[in-house]
Amino acid sequence: MFIISEAETAAVLAAYQRAGEWAAVVELRRLFTGIQDNASALRAVRAIVSRAAALEQ
């Protein structure tokens, strides 16, 4: 588990919108070097994207 700032969230969402899930995974792992594998990062990206979508409604 980790805490993500608004700026980090924005960077992950921008990568997601620009190039999809895997680009967002790369961005997340760049920001949080402690994430050990892509599967964990992908789950986190999906949670970030779904939370952002829920907040927009």
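The exercises below, each followed by a worked solution, concern helix packing, burial and residue contacts in a predicted model.

**Exercise 1. Packing of helix 1 on helix 3**

Determine at what angle helix 1 and helix 3 pack, and which residues meet.

Solution. Begin with the two elements, helix 1 covering residues 6-19 and helix 3 covering residues 38-56, whose axes lie 10 Å apart and make an angle of about 95 degrees. Because angles of 65 to 115 degrees count as roughly perpendicular, helix 1 is roughly perpendicular to helix 3. Turn next to the residues: helix 1 contributes Thr9, Val12, Leu13 and Tyr16, which meet Val45, Ile48, Val49 and Ala52 of helix 3. Sorted by class, this contact of helix 1 with helix 3 comprises 7 nonpolar residues and 1 polar residue, with no charged residues.

**Exercise 2. Packing of helix 2 on helix 3**

Describe how the axes of helix 2 and helix 3 cross, and work out the classes of the residues in their contact.

Solution. The axes of helix 2 and helix 3 come within 9 Å and cross at roughly 105 degrees. Helix 2 and helix 3 are therefore roughly perpendicular to each other. On the side of helix 2 the contact is made by Glu21, Trp22, Ala24, Val25, Leu28 and Arg29, while helix 3 supplies Asn38, Ala41, Leu42, Ala44, Val45, Arg46 and Ile48. Counting by class, the contact of helix 2 with helix 3 holds 9 nonpolar, 1 polar and 3 charged residues. Tryptophan 22, which has its place in helix 2, can be followed individually: with residues up to four places away in sequence not counted, tryptophan 22 touches Asn38 and Leu42.

**Exercise 3. The two sides of helix 2**

Identify the buried residues of helix 2 and state where they fall when seen down the helix axis.

Solution. Within helix 2, which spans residues 21-31, the buried residues are Ala24, Val25, Glu27 and Leu28. Seen down the axis of helix 2, these buried residues fall within an arc of 165 degrees, so they line one face of the helix. The face turned away from that buried side carries the exposed residues Val26 and Arg30. As for what covers the buried side, the buried residues of helix 2 pack against helix 1 and helix 3.

**Exercise 4. Leucine 28 and its contacts**

Establish whether leucine 28 is buried or exposed, and list the residues with which leucine 28 is in contact beyond its sequence neighbours.

Solution. Leucine 28 lies in helix 2. Its relative accessibility is 0%, and since buried means under 20%, leucine 28 counts as buried. Once neighbours within four places in sequence are left aside, leucine 28 is in contact with Phe2, Ile4, Val12, Ile35, Ala41, Ala44, Val45 and Ile48. A C-alpha distance can be set beside this list: leucine 28 and arginine 46, which are 18 residues apart in sequence, are 11 Å apart in space.

**Exercise 5. An aromatic pair**

Find how many aromatic pairs the whole structure contains, and describe the geometry of phenylalanine 2 and phenylalanine 32.

Solution. The search of the whole structure finds 1 aromatic pair. Phenylalanine 2 and phenylalanine 32 form an aromatic pair with 4.6 Å from centre to centre and 35 degrees between the planes, and the pair is tilted. The pair links distant parts of the chain, 30 residues apart, with phenylalanine 2 in the segment before helix 1 and phenylalanine 32 in the loop between helix 2 and helix 3. For accessibility, phenylalanine 2 counts as partly exposed at 33%, whereas phenylalanine 32, with a relative accessible area of 15%, is buried.

**Exercise 6. Two alanines in helices**

Classify alanine 19 and alanine 39 as buried, partly exposed or exposed.

Solution. Alanine 19, found in helix 1, has a relative accessible area of 56% and is exposed. The C-alpha atoms of alanine 19 and arginine 29, which are 10 residues apart in sequence, are 15 Å apart in space. Alanine 39 is found in helix 3 and is partly exposed, with a relative accessible area of 42%. From alanine 39 to alanine 54, 15 residues apart along the chain, the C-alpha separation is 23 Å.

Conventions. Residues numbered from 1 in each chain as written. Predicted model: local features only at pLDDT ≥ 70, side-chain atom pairs only at ≥ 80, totals over all residues. Heavy atoms only, no water. Axes fitted to C-alpha atoms, helices over the stretch in contact; angles between N-to-C directions. Helix = DSSP H or I, 4+ residues; strand = E, 2+ residues; numbered from the N terminus. Parallel < 35°, antiparallel > 145°, perpendicular 65-115°, else oblique. Contact = heavy atoms within 4.5 Å. Nonpolar A, V, L, I, M, F, W, Y, C, P; charged D, E, K, R; others polar. Buried < 20%, exposed > 50% of the residue type's maximum accessible area, 1.4 Å probe, protein only. Arc of directions from axis to C-beta. Phe/Tyr/Trp six-rings, centres within 6.5 Å; stacked < 30°, edge-to-face > 60°.
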